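Let's look at a protein model together and ask how each label is earned.

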Amino acid sequence: MTVRDLRWRIGGGTLLAMGYFTVHAASKAAGSADLLGLLGFLVAAAGLLLLIGGRRIALALRVERSRHRELPAAIRTAHHARRQGR
């Protein structure tokens, strides 16, 4: 695991903890606790994704937002076609 990947995972752990404490604070609060709890849950879910996937999650999101999102599938298809032709 690289230092860069470790930093992404530490950031995910931090987001997970922040989300947990936000949900915990929302359960004690009155008023708009439902919205705050939902926000905390979403932050915790994003933190869990980063904690498990590390840097790959950020790279996958960047590829999905780009206009070249079909490029990895096209490369895999061309690679499989070349292997079948051997």
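Q: How many salt bridges does a search of the whole structure find?
A: This is a predicted model, and the search finds 2 salt bridges.

Q: What makes R9 and D5 a salt bridge?
A: The closest N and O atoms of R9 and D5 are 3.1 Å apart. The cut-off is within 4 Å, so the pair counts as a salt bridge. Both residues lie in helix 1, 4 residues apart, which is about one turn of the helix. R9 and D5 are both buried.

Q: Why is the contact between R69 and E70 called a salt bridge?
A: Here the closest N and O atoms are 3.9 Å apart. That is within 4 Å, so this pair counts too.

Q: Why is R69 called partly exposed, and why is E70 called exposed?
A: R69 has 41% relative accessibility, which lies between 20% and 50%, so it is partly exposed. E70 has 52%, which is over 50%, so E70 is exposed.

Q: How do you know that Y20 and F21 form an edge-to-face aromatic pair?
A: Their rings are 5.2 Å apart, centre to centre, with 65 degrees between the planes. The centres are within 6.5 Å and the angle is over 60 degrees, so the pair is edge-to-face.

Q: What makes V23 partly exposed?
A: V23 has 33% relative accessibility, which falls between 20% and 50%, so V23 is partly exposed. This residue of helix 1 joins L38, F41 and L42 in a nonpolar surface patch of about 380 Å². Helix 2 gives the most to that patch, with 3 residues.

Methods. Residues are numbered from 1 along each chain as its sequence is written. This is a predicted model: local features need pLDDT of at least 70, side-chain atom pairs count only at pLDDT 80 or more; totals for chains, interfaces and linings use all residues. Side-chain values use heavy atoms; hydrogens and water are left out. Rings of Phe, Tyr and Trp (its six-membered ring) pair if their centres lie within 6.5 Å; planes under 30 degrees apart count as stacked, over 60 as edge-to-face and the rest as tilted. Patches are made of residues with over 30% relative accessible area and no salt bridge: like charges are joined within 9 Å, nonpolar side chains (Val, Leu, Ile, Met, Phe, Trp, Tyr) within 5 Å. Accessible areas come from the Shrake-Rupley method with a 1.4 Å probe; for residues, only the protein chains shown count as cover. A salt bridge is a side-chain nitrogen of Lys or Arg within 4 Å of a carboxyl oxygen of Asp or Glu. Helices (H or I, at least four residues) and strands (E, at least two) are DSSP runs, numbered from the N terminus. Buried means under 20% relative accessible area, exposed over 50%, partly exposed in between (1.4 Å probe, protein chains only).
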